[in-house]
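User: I am new to this structure. Please take a close look at one part of it, the nonpolar core, and show me how the rest is arranged around it.

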Amino acid sequence: MGRRRKRRKKIVRRRSMPPRYFQCPRCGSMTLTVDFKKTGKPGVKLAIVRCGTCGLHCELEVPEALERVDVYNKIVDLVYEDRLDECAPKSEGGEELGEAPAEAPGSEEEE
Ligand SMILES: [Zn+2]
């Protein structure tokens, strides 16, 4: 009588995983982290991507199934396409603008 229990073979401890570091597509340092937060919406979580070196910071709502590396790939695409604005965190206190005035690429204007 009673319920059967399957013997568990592996004990998988789910501790909070240490943050993994990715290579930052903007500055190339291995200091890019991806964290997840709850959004309150079902099936959706908030991915927070940050680089400790160049200050890259974006937040992105992604399906719950996505993993860090998936989010990372998205970010890489955004950076290469120069679309980081799309996932910029909505902070209202405009503290620091991470905009470095880039030099004009190659083409000089003539008068
Ligand atoms: Zn960086």
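Analyst: Start with the term. A nonpolar core is a set of buried Ala, Val, Leu, Ile, Met, Phe, Trp, Tyr and Cys residues joined through C-beta atoms within 7 Å. Keep in mind that this is a predicted model.

The largest such core has 13 residues. Those touching the most other members are L32, V34, A47, V49, V71, Y72 and I75. Two or more residues each come from β2 (32-38), β3, β4 and α1.

Take V49 as a way in. Leaving aside neighbours within four places in sequence, V49 is in contact with L32 and V34. V49 also contacts C58 and L60. Its list ends with V71 and I75.

Now the frame around the core. The chain has one helix and four strands. From the N terminus, the elements run β-β-β-β-α. The strands form an open sheet in the order β1-β2-β3-β4, with antiparallel pairing. At the edges are β1 (21-22) and β4, each pairing on one side only.

Strand β3 covers residues 44-51, and β4 covers residues 57-63. These two strands pair in the antiparallel sense over seven bridges. V44 has P63 in β4 as its bridge partner. L46 stands opposite E61 in β4. Five residues lie between the strands of this hairpin, where G55 takes a positive phi near 85°.

The helix comes next. α1 lies across β1, β2, β3 and β4. It runs at about 125° to β4. The helix spans residues 68-80, and D77 is found in it. Is D77 buried or exposed? D77 is exposed, because just 11 other C-beta atoms lie within 10 Å, and the cut-off for exposed is 12 or fewer. The C-alpha atoms of D77 and P25 are separated by 8.8 Å, though the two residues are 52 apart along the chain.

Step back to the whole chain. Buried residues make up 13% of its 111 residues. Of the contacts with a separation of 6 or more, 36% are between residues 24 or more positions apart.

How far can the model be trusted? The chain averages a pLDDT of 82, and 70% of the residues score at least 70. Among the elements, α1 has the lowest confidence, at a mean of 94, and β3 the highest, at 96. Where pLDDT is low, the predicted coordinates should not be read in detail.

Conventions: Residues numbered from 1 in each chain as written. Predicted model: local features only at pLDDT ≥ 70, side-chain atom pairs only at ≥ 80, totals over all residues. Buried ≥ 20, exposed ≤ 12 C-beta atoms within 10 Å, placed from the backbone. Contact = placed C-beta atoms within 7 Å. Pairing = 2+ DSSP bridges. pLDDT = per-residue confidence, 0-100. Axes fitted to C-alpha atoms, helices over the stretch in contact; angles between N-to-C directions.
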